[in-house]
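Here are a few exercises to work through with the model open beside you. Each task is followed by a solution in small steps.

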Amino acid sequence: MKKYSLFLLGALGLMMVACDEANIPESIPQENPQEPALSIGDITVARAGALAASTPLNLNDYVDDLEEMIPVLTLTDAVNVPEGADLSFELIMSNNDSFSKTYTLYPQYGETDATSKTLYVSAEDWNNAHLYVVGKNPKVQTVYYRIPLYVNVDGSDYRYGSTDYYILEGTLEEMCIDEGFVIEDAYYFLSNATTWDLGAEGDYMFYHDPDESVYDNPVFTYVFYQNGDNWWKIAPQSSYESGSWDFILGTELDGDDSESGVLTDVDPQAGKIPGEGKFEFKINMETMEYDVYPLAGAIYLVGAPQGWTTAPAGDTMPLNETEVGSLIYTGTYEIPAGDFMFRFYHALLDNWDLFSIGSQNNDASLEISFTNGIYTGPVYQEGVNATQGKGNWSCPDWTGGKVAFTVNLNDFTIEMKVVN
């Protein structure tokens, strides 16, 4: 059903007159009074239920009856409304005041005489909206809302006021239905390659984006070296703070060397990563799954100079580690004119979303220039100091030539030097 702005409703009466007159002989005088155009204030509402309450909406109160209806607003007055018109509302919810991410609910009028002017949303629908806009964090969250009003006349919806007018807007605090699991704010890697001392694991914390809720993004990442077979367990923040082994996570079988598996907190055993080398360890604390990825002693330039492929069999342009464990990678390559656009990957697995090392923490190009033949800047490694590192370096004025690269993943910097 199309929605039109009601500030155009002044023309609605004229349209209705024109339609009627088309079917009337010209010899018969006709009088059709124009429907009055609605003005702000002709329709008024009052907050109800959760929107009017001074305490947070706790959706756990409805867990035994998800069909229970939660009051939203009450229609208090409506004048100058076209005869036979229906009024409908939308409840638009977001996690921010710019409403860049939204979920729309459609409140319904009550079914009894006493509730016929109050609009409701079911607890289940409200909880779904909450999960979408602010995630599964069981703690109190702030939700932004705004409510547009539509006037339905002859099957078409007209927006009341204007396209940016809302009859109600504001914020409220609410708690989603607790799904029964807790994700802690931090996790630590206990192992032969790090430490088994619960008081010393603070230096071996898994990376997680500090700007995201752990319930919205439950994935944590840790990159490390090992000199030989390595046994491991995982300590949540509660273990780190209390010094207790009661909350430790591990594998079901002792010595399990699977590259993927499920963590357990019931009699957890030590997993095992065989061999020597560099590895990336990912844990998803919502699904309790883990993955171990072996990483080469090199990073790879991926971009226009090598055909934009992460396939292992594709053209590779490695930057080799200066020595095992140094986290400093060097290499020199010819970059043709017009092909200066690339980023790096820690491993080539035909997957664009894993192991990226780029110019910024998003998937966009960063234009650079050289000063005295040198460029220096930051790098962002997915899962280590960034959620993604897929930003490209780009130099539109590049005329071709050799470049010596040094990527330092200790301080996350890159140097590019033109080789004459």
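**Exercise 1. Find the salt-bridge partner of Glu 179, and say which parts of the chain the pair ties together.**

Step 1. Glu 179 pairs with Lys 136, with 4.0 Å between the closest N and O atoms. A salt bridge here is a side-chain nitrogen of Lys or Arg within 4 Å of a carboxyl oxygen of Asp or Glu.

Step 2. Glu 179 sits in the loop between strands E13 (168-175) and E14 (187-191), and Lys 136 in the loop between H2 and strand E10 (141-147), so the pair ties together parts that are 43 residues apart in sequence. Helices (H or I, at least four residues) and strands (E, at least two) are DSSP runs, numbered from the N terminus.

Step 3. Glu 179 is partly exposed at 44% relative accessible area, and Lys 136 is partly exposed at 26%. Buried means under 20%, exposed over 50%, and partly exposed in between, with a 1.4 Å probe and protein chains only.

A word on the source: this is a predicted model, in which local features need pLDDT of at least 70 and side-chain atom pairs count only at pLDDT 80 or more, while totals for chains, interfaces and linings use all residues. Residues are numbered from 1 along each chain as its sequence is written, and side-chain values use heavy atoms, with hydrogens and water left out.

**Exercise 2. Place Lys 282 in its strand and find its salt-bridge partner.**

Step 1. Lys 282 lies in strand E19. Strand E19 (residues 277-284) runs antiparallel to strand E20 (residues 289-295), joined by 7 bridges; two strands pair if DSSP finds at least two bridges between them. Opposite Lys 282 in E20 stands Asp 291.

Step 2. The salt bridge of Lys 282 is with Glu 382, the closest N and O atoms being 2.6 Å apart. Glu 382 belongs to the loop between strands E28 (380-381) and E29 (392-394), so this pair ties together parts 100 residues apart in sequence.

Step 3. Both ends are buried: Glu 382 has a relative accessible area of 6%, and Lys 282 has 11%.

**Exercise 3. Give the strand order of the open sheet of 4 strands, and say which strands stand at its edges.**

Step 1. The order is E15-E19-E20-E17, with antiparallel pairing.

Step 2. E15 (219-226) and E17 (260-262) stand at the edges, each with a single partner strand, so one side of each has no neighbour in the sheet.
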